[in-house]
Amino acid sequence: MRKIAILGSTGSIGTQALDVIRQHPEQFSVVALAAGKNIDLLTEQAHEFQPQLVSVATKELAEKIQHQLPLNTKAVWGEEGALAAATHPDADFVISAIVGSAGLLPTLAAIEAGKAIGLANKETLVTAGHIVMRKAKEHDVSVIPIDSEHSAIFQCLQGEDKSAIRRLIITASGGSFRDLTREQLADVTVKEALAHPNWSMGAKVTIDSATMMNKGLEVIEAHWLFDLPYNKIDTILHKESIIHSMVEFTDRAVMAQLGTPDMRTPIQYAMAYPKRIPLETEPLDLMKVSQLHFTALDFKRYPCLAFAYEAGQKGGTLPTVLNGANEVAVARFLRGDIPFLAIEDTIAHAMAKHKVVENPGLEDIFEADRWARQIAEKYQPA
């Protein structure tokens, strides 16, 4: 029985992780759930899965939810509450799925407590990959990727000599606007942006998919997860989202992982690793798919992807600025403050103004994040 703590239990990854647990009650139990403000859903989860601890955003929400919880479930709140969930003494596997840079400290705390990590939070490695992976090595902790692309690469590398890797090929669906020109992007709406053609994801990740920032963050994440230079990490547009990523080896053999676009597959793989267990999901029918298509990704069409490669290669605090500015720009687009194309303008503005700190510590990262968010919030596109 693997005992699970889920950071971000009411989000897309969290709810799908609980669906996996629902399918395998003999394999997994829930000891802690951390959420934000969606206390109605969290209460339902608590009654179904009976965790010992739940965490919410504020003290007021904790006081409100406590009397609605099972008798043996304690409510905590804030950053300390998330840390308590991440380091719960009974948890042996922590799913890090809090959206954005808020997932960094709980993930580090879980690593330092010796918990195996299922990592769905890209920003943790984007902003502090050098610290996170070093800590994981120091504490002999496994970091198993949950992103479908990194899970695919991880699976392709099982039993392989990593020194024989020629390159990683990360696939991209292209998002909701993949068939539009840049001219057509000028007036797109939030509703249109959130209509992803293949995947069921949260709002922020869906917008990142449309700008291709999602893929850019995945490139940086792959650099840290697999310890490879950026010139060995490529991206390719693959509209069907059937091949989740590929690895090319020095003998030119290419390993690919295929499957239907269902996030429960990589979630369950991480949770059950190194075992494989059954999953009730739609099987891949290649006769039905019939054809797979691939197209080169154009940096001029998708500037955010170029920004990510630039930030990753320059390193230091620049990836933190990239991420922080993007989070704010996406939030501003979602609430109608700025048009879609201003997301990339906001990021470019913050990156251009930033003075990079090399080999940053946590305080440098937090300061760069604060700075980037302030710059991005104030930026007014022409």
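In this predicted model, the rule for aromatic rings gives a count of 6 aromatic pairs. A pair of aromatic rings is described by two things, the distance of the centres and the angle of the planes. Take Phe 154 and Tyr 269: their ring centres are 6.3 Å apart and their planes stand at 75°, so this pair is edge-to-face. The cut-off behind that word is simple, because planes over 60 degrees apart count as edge-to-face. Phe 154 sits in helix H7 (residues 148-156) and Tyr 269 in helix H11 (residues 264-272), so the pair links parts of the chain that are distant, 115 residues apart.

Helix H11 turns up again when we look at charged side chains. The structure holds 25 salt bridges. In one of them, the side chains of Arg 264 and Asp 19 meet at 2.6 Å, N to O. Here too, distant parts of the chain are linked: Arg 264 belongs to helix H11 and Asp 19 to helix H1 (residues 12-23), with their positions 245 residues apart.

Here are the two long-range pairs side by side.

| Pair | Kind | Distance | Separation along the chain |
|---|---|---|---|
| Phe 154 and Tyr 269 | edge-to-face aromatic pair | 6.3 Å, between ring centres | 115 residues |
| Arg 264 and Asp 19 | salt bridge | 2.6 Å, N to O | 245 residues |

Now let us step back to the whole chain. It is divided into domain 1 (2-145), domain 2 (161-260 + 281-309) and domain 3 (315-382). What separates the centres of domain 1 and domain 3? Taken over C-alpha atoms, the distance is 26 Å. Their contact takes 11 residues from domain 1 and 12 residues from domain 3.

About 820 Å² of area is buried between domain 1 and domain 3, and carbon and sulfur atoms give 67% of it. Which residues of domain 1 lose the most area to domain 3? They are Val 126, Thr 127 and His 130, which together make up 44% of what that side buries.

How many salt bridges cross this interface? The rule finds 0 between domain 1 and domain 3. There are, however, 2 residue pairs in polar contact between these domains. On the side of domain 1 that touches domain 3, the elements giving two or more residues are helix H5 (104-112) and helix H6 (122-138). Helix H6 gives the most, with 6 residues. By type, the residues of this side divide into 6 nonpolar, 4 polar and 1 charged.

Two details of the backbone round off the tour. The peptide bond from Tyr 273 to Pro 274 is cis, with omega near 10°. Pro 274 lies in the loop between H11 and helix H12 (286-289). Asp 140 is not a glycine, yet it has a positive phi of about 55°. You can find Asp 140 in the loop between H6 and strand E7 (143-145).

Notes: Residues numbered from 1 in each chain as written. Predicted model: local features only at pLDDT ≥ 70, side-chain atom pairs only at ≥ 80, totals over all residues. Heavy atoms only, no water. Domains from an automatic or database assignment. Contact = heavy atoms within 4.5 Å. Buried area = accessible area lost by both parts, 1.4 Å probe. Salt bridge = Lys/Arg side-chain N within 4 Å of Asp/Glu carboxyl O. Polar contact = N/O pair within 3.5 Å; in protein donor to acceptor, adjacent residues only side chain to side chain. Helix = DSSP H or I, 4+ residues; strand = E, 2+ residues; numbered from the N terminus. Nonpolar A, V, L, I, M, F, W, Y, C, P; charged D, E, K, R; others polar. Phe/Tyr/Trp six-rings, centres within 6.5 Å; stacked < 30°, edge-to-face > 60°.
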